[in-house]
Structures are given as C-alpha cells and as structure tokens.
Amino acid sequence: MVRERETPKQQQQVSYTVEQLVAVNPYNPDILPDLENYVNEQVSSQTYSLDANLCLLRLYQFEPERMSTQIVARILVKALMAMPAPDFSLCLFLIPERVQMEEQFKTLIVLSHYLETGRFRQFWDEAAKNCHIVEAVPGFEQAIQTYAIHVLSLTYQKIPRPVLAEAINIEGLSLDKFLEHQAANSGWILEKGHGRGQLIVLPRNEFNHPELKKIAADSVPLEHITRIFPILG
Amino acid sequence: MAANYDYDEAPATYDDANRQELGYDPNFVPDSVKSFVVHLYRHIREKNVYEIHQMYEISFQKLSDRLFKDTPWPSVDAVAHYVDNDQVFCLLYREMWFRHLYARLSPTLKQRIDSWDNYCSLFQVVLHRVVNMQLPNQWLWDMVDEFVYQFQSFCQYRAKMKNKTEQEIALLRQFDQAWNVYGVLNYLQAFVEKSNIIQILEQEKEGIEQFTATDGYDYSGGSNVLKVLGYFSMVGLLRVHCLLGDYQTGLKCLLSIDINQQGVYTSVIGSHITTIYHYGFASLMMRRYVKAIREFNKMLLYIYKTKQYHQKSPQYEQILKKNEQMYALLAICLSLCPQTKLVEETVNSQLREKYGEKMARMQRYDDEAFAIYDELFSYACPKFITPSAPSFEEPLVNYNQDAYRLQLKLFLYEVKQQQLLSGVRTFLKVYSTISLGKLANYMEVDEPTLRTILFSYKHKTHAVDSDGKIISNADVDFYIDDDMIHVVESKPVKRFGDYFLRQIVKLEGVINDMDRIRLE
C-alpha cells in the first residue's frame, strides 16, 4: 500500500493530535487506527510514546479481533529500546498469553531476558540470528548500546576494553573510533591497563563513585524551619 | 438508558407466583422501612449531611441485619409513593438495594444487568442535571467502589461460560452493553472531566479554590456530589487499570492526588485503603519496590492504630482483609528489595510474626521459594479481569483465570530473574574488596557469568522512577575498578536537621512549662 509521504509539518500535527486523544479520550475504539499509525510513526521517525502504545494495547485487550501482531511486535521492540525503563514488561502485562506464545514474541521475550540479566554477549548473538525483527526498527542497535553503557556506568569506574566491546558489540577499528568519539564528547578517558590492554575510565556518577552520593536526606525543607520562627523570633 | 423494572411492574398474579418462588414479598414494606425512607428522603431534601450519614451507615445496617439477613429490601416500587415518587431518591434507593443484594445474596444475571441500568440512570442524572444534594463522602465513595466491584464481579461471572444456561447466554447476547468495559471507563472518566476536579485540585494549591479544607463539602449552598464523585473516580480508574494489568496508566490517573498528604481520599477509611493498596501494588509491578514499601508501611501503621474505631462498621471485614493482603505484599517487596530502615517497629514485628519464616525461605530462591512467592501473590493480588466480550462458540470454556494467570506468570518471571542476586548480596556483605576471579570461585561460576550477575544486580537495584531518574534501591552496593570489586557500605544517614528542630521545639515547651509554674 502506497502511503503519501507527509511533510514534516504534517507529521508533527498528527502526533500532537494523537497525544491529545490519548490524554482526553483514551477509552474510545474509534482511535485505534490513529494509534496504529502512530506506532509506525514512532518507528520511522525514531520517537517514542509509552502512553499511546499502552492505550493501543488496552484497546486490543478490549477487542482482540482487531489486534495486529505486527504492530504489537513493533511496540515491544520500541519498549525494549527504552531500557532500563520497565516498559517491555508493562506492555507484556497487556498482551494475552496465547499471543506471547508466538515465535516472534518468544524471541523478543528472550532478548529482553538477556538484557535484564546483563547477558550482553548472548543478546547480540540472538539479535544477529533474528535481524529481520530488529532491523525493522531504526535506531535499535544504538538504543541497546546506550542501555549497555548505562549499566556499565553503574558498575564500573574503570572497565577493560574486552568487557566493553562485548557489551556494546563493537570491535577492532570501529571500537577505536567509537572510543575516540566518547573521549571527545562524553568525558571518557582511555588508559593503558597494566599489561593487559586498554582500560576505559567511565565518567563519574553517584553509582560508580559512592562518595558523590548527595546527602540529600539531611536537607531540611523551608516549611519545617518556618514552624519554629515563632520560637526563634 | 431507562431502568428496567421488568419483574416489578408485572401483574398481581405474577407477583403471587413470584412470591412463592422468591420466598418473600418484594412489595411488603415493614413500618421501620417506611420510616427509614421517609426520614432519609427528608434529610436529603434538607441537606442534613450528618443525619444522612447516620441513617446510611448505621440505620441501614441495623435494618438489614434485623429484617433482611438473606432477603432483598422491599422493591423500589413499593416504597416510591412514600417519597413523592422522587426519581433521584428512587435511583439512590435502588443503588443501596443492589449493593445489599450483592453483599448478602447472589445476584442473577438479570439483576446484574438491572443494576448496571440503575447506575447509568443515576450517573446520567449527576452528570447532566443540576443536582442539589449534599451526600456524605462515605456514600459517594461506596457508589464508585461498588460500581467498580460490580464490574469486576460481572467480568468474572461472564468469563465462566461453561455452565451457562441457554437463557443466560441469550441475555448476555442481548444486553451486550451491560458492564461493557468502555462504558465503565467512560463513566469514571466523565466524572473526572465534568467535575473539573483536576483543575480544582490544582487551583487549591494556589489558594484559589477550597476543596480539601472542607472535605469536599460545599458550604456555599451548592452540591458536593459531582465534585466528590469526580475525585473518587480517579481512585476508581486506578483500580480498574490495575484489574486490566495497566499499572502505568493506573498510577497516572492518580497523579492529582498527593498521597503524602491528607486529602479527601483519607476522609473515608475504605477510600484510603483502596488508594494505597492499589498504588502499592502498581508500584510493585513496576519494580518501584521502595515506593511500595514506604506506602504499605504507612498504611499498615495507620490501620494498626485506628482499626479499633471501625469495629462496628460494615467495612470492618474488608479493612482486615486488605490489611492482611498488604502484609503479604510488603513481605514480597522486602524479599525482592531488602531494606533496613523503611519499616516502622510495630509493622515490622507484625510482619515477622506473619511472614518471618516465609520471607527467610523466599530469599533462598529455590523451588520452595517460588511456591511461596506464588502463594503470597495469589492471595494478595487484585481480581484481574478479561475485559473483552466472551466467545459464544462451542465449546464454551471458563476463562476467568486467564488474566490472573498471566499477571502471576510475568511476576514469577521477574522473581526468577532476580534469583542469583541474593547470593551476590550475601558475599558483598562480607567483603570490602574482592577480585572478580575470587568471587567467581566462591560462587562457583566463571568470570563472564559473574559479570552478568553483577550487571543484573546493578540493573535490578537501580529503578527508574516516574520522572525517568535512576534511583538506587540497593542496601548493599559496589563498584568495579578493572577487576577489583569494591563494596560500598550504605551508612545510615544521621538526620541532624530533624533532630535539632525537634529539640528546639521540646526546649521551648519545657521553658513554657517552667514559666507557668512560676506564675502560679
């Protein structure tokens, strides 16, 4: 089916209206086609809206005959790309068990499982075997690499090159280029490890550098102080 | 949608036959009931909220216990002429009539459909006409609560297709709009919108509106009905979304209510408990364990302190049931996300008493542990529903457990993913630094596997909150430098600010006392 290519301005108008629909009139079977279009919109323009997708999954729940497994699969891939947010499981809660038993969904669940349990090597292997699923959604690889780096940043102050390579599935010269880019733009520092190759120093945050953890718990809100003004005054 | 008073309008002969069949006379009105409706009608007309509340809470219960233990109240047609055939009063009476029926007896399919019709009529009146009543919050909450409950009950009933009679199937086909999920959600949404409650709550923060300060009541001659129904409908929406398995949207529906403060939702104990129970459950399913623990802790402490005051109330049993369920959910949360400082003494000791042993076994993550997670989840979870219309094709099956089975399966899946984390935690508590190689040895896995376990630990203990920020839930944390694990002890934070504030106030109190003594 040939779809007329919308101008960027038109595209913006469509997504604005859909978001409004979801906010104001979500329990309405008539908006189902709009929501389905919006999923395809999110895929092609590399945007994402969990609320709109949950709204659609709910409508599928109310009227199972109208469910499109292709759309559902795309929603799940987008949700996977939103990790570390739990969006993938939030979507699964709304998808009937018998649908989840289909091959493509079983594969996606396995992929999610690998990412949830930090098994990056197994993830990339499985993704390679199922490139038809993952290549259908642009930006997938980068999104997962971002997630992997997020987990690495929680865990490591200094990470050996092979561990990083495995997690983000980049090797050799491409990895060199990637590291240069990160060093220039994201504050990564490349060190020489003691005889065993490169060590990458990841940016400091409160999760890999506990001393940075803000002692926010001890700040006293102003309203509490105002209560003792009569005493102090 | 007109109310369907089918069996009430039937001719006398049918009534006689009916009476024999029913075992009671729906048209017989005892004097006490006549007196009840006459007085209730007058109080509603005169807006005596206190008297309405007394009659609604106490008199209705007393009469039910005394005269209608296992029969319905008199039909609305029998009492209508005592109350000027007032349409709105009749709708309210019918609402109570059906609620009593559901509580004491088993509703037939026809009665379920009639109840839906009654709600539609009643809600249409409130939404589209100017209603000049002030009703007690308890009643308004009960309306929303019962509405959602009857919806849930209907879905469960409808999903058991296997033993349905021909007549029942015919009725289901004919009245396919009754308790339709779109209808239910749209009524609740309509209340929220028409009442403008979200804007009212916003404006209240800026001091332009008054709502919470008056407990939702209108002291300027207007009506509280639409506003308060709008308010409670937000909790109703949270509940329905939990029943559907959509936790994110459920919590979104509750956004306008600040559960860290008192509000109209705390003015009725049932509403308070329902709100926190579902908020906590939704948070648990979204892996926001710390949030869930905090809220369950507060609620359980509150119930502990105040349940004695509700002993005579018709909600007492429900309060106790929800109390037990929240302890089970708290046990689950603390097993998945151990925390030391979040649970109050009293609550903690109750928890140890009820689930101490089970929690110890849950942390072992063996088959027995999963069985306990299953048991507690199944006991404490909401009664999930399948909202879609049934299939009338042969063979007819019962699918009322499908929704629950899916949520349970996904929950246990999450528990299983956290299986290896418990082992890591034990080791991290013992060491301040340890190499990856050594730890891998002790845990009897190879290094790459250990790395995946550590990544998983970090990911699972660092939740994403509603603003997209990462928050650490880890009671024991670590970081890795090349191949060395450094364990981070989470020090209990000393709250000096709070401490000084309290001491300042205390000292002031002592000085005031001393001053008073001197004067005497």
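## Loops, rings and salt bridges of chains A and B

Asp215(B) is partly exposed, with 33% of relative accessible area. The structure described here is a predicted model. Within it, Asp215(B) sits in the loop that runs between helix 10 (197–205) and helix 11 (225–244) of chain B. Its backbone deserves a brief look, as phi of Asp215(B) is near 60°, a positive value in a residue other than glycine. Asn85(B) likewise has a positive phi, near 50°, without being a glycine. Asn85(B) belongs to the loop between helix 4 (76–80) and helix 5 (87–104) of chain B. With a relative accessible area of 53%, Asn85(B) counts as exposed. In chain A, the peptide bond between Met83(A) and Pro84(A) is cis, with omega about 15°. Pro84(A) falls in the loop that links helix 4 (69–81) to helix 5 (87–92) of chain A.

Attention now turns to where the two chains meet. In all, 57 residues of chain B are in contact with 61 residues of chain A. Between them the chains bury about 5300 Å², and carbon and sulfur atoms account for 61% of this area. On the side of chain B, the residues that lose the most area to chain A are Tyr182(B), Phe455(B) and Asp482(B), which together make up 15% of what that side buries. Polar interactions also span the interface, where 22 residue pairs are in polar contact, both residues of each pair being at pLDDT 80 or more. The interface of chain B and chain A further holds 5 salt bridges.

Tyr182(B), named above for its loss of area to chain A, also takes part in a contact inside chain B. Its backbone nitrogen lies 2.8 Å from a polar atom of the side chain of Asn180(B). Asn180(B) is placed in the loop between helix 8 (166–174) and helix 9 (181–195) of chain B. Asn180(B) has a relative accessibility of 18%, so this residue counts as buried, the cut-off being under 20%.

Salt bridges number 30 over all chains. One of them joins Glu97(A) to Lys409(B), with 3.4 Å from N to O. This pair crosses between chains, reaching from helix 6 (residues 97–100) of chain A, which holds Glu97(A), to helix 18 (residues 402–417) of chain B, which holds Lys409(B). Glu97(A) is partly exposed at 25% relative accessibility, and Lys409(B) is partly exposed at 37%. Another salt bridge pairs Arg287(B) with Glu116(A), whose closest N and O atoms are 3.0 Å apart. These two residues belong to a network of salt bridges that also links Glu414(B) and Lys460(B).

Other salt bridges stay within a single helix. In chain A, the side chains of Asp125(A) and Arg121(A) meet at 3.5 Å, N to O. Both residues lie in helix 8 (residues 120–129), 4 residues apart, or about one turn of the helix. Asp125(A) is partly exposed at 40% relative accessibility, and Arg121(A) is partly exposed at 42%. In chain B, Arg516(B) and Asp513(B) form a salt bridge of 3.1 Å, N to O. This pair lies in helix 22 (residues 496–519), with a spacing of 3 residues, about one turn of the helix. Asp513(B) counts as partly exposed, with 40% relative accessibility.

Aromatic side chains add a further set of contacts, with 42 aromatic pairs over all chains. In one of these, the ring centres of Tyr457(B) and Phe478(B) are 5.9 Å apart and the planes stand at 45°, so the pair is tilted. Tyr457(B) comes from helix 21 (residues 447–461) and Phe478(B) from strand 4 (residues 476–481) of chain B, so the pair ties together parts that are 21 residues apart in sequence. Tyr457(B) is buried, with a relative accessible area of 0%, and Phe478(B) is buried at 0% too. Phe478(B) has a charged partner as well, since the charged end of Lys458(B) sits over its ring, 5.0 Å from the ring centre. Elsewhere in chain B, the charged end of Lys164(B) sits over the ring of Tyr157(B), 3.9 Å from the centre of that ring. Finally, ring pairs link Phe93(A) into a cluster with Tyr247(B), Tyr277(B), Phe281(B), Tyr365(B), Tyr373(B), Phe377(B), Phe384(B) and Phe411(B).

Note on methods:
Residues are numbered from 1 along each chain as its sequence is written. Chains are lettered from A and ligands numbered from 1 in the order in which they are written. This is a predicted model: local features need pLDDT of at least 70, side-chain atom pairs count only at pLDDT 80 or more; totals for chains, interfaces and linings use all residues. Side-chain values use heavy atoms; hydrogens and water are left out. Helices (H or I, at least four residues) and strands (E, at least two) are DSSP runs, numbered from the N terminus. Buried means under 20% relative accessible area, exposed over 50%, partly exposed in between (1.4 Å probe, protein chains only). Rings of Phe, Tyr and Trp (its six-membered ring) pair if their centres lie within 6.5 Å; planes under 30 degrees apart count as stacked, over 60 as edge-to-face and the rest as tilted. A charge sits over a ring if NZ of Lys or CZ of Arg is within 6 Å of the ring centre and within 35 degrees of the ring normal. Contact means heavy atoms within 4.5 Å. Buried area is the accessible area (1.4 Å probe) that two parts lose on being put together, summed over both. A salt bridge is a side-chain nitrogen of Lys or Arg within 4 Å of a carboxyl oxygen of Asp or Glu. A polar contact is a pair of N or O atoms within 3.5 Å; within protein, one must be able to donate a hydrogen and the other to accept it, and residues adjacent in sequence count only if both atoms are side-chain atoms.
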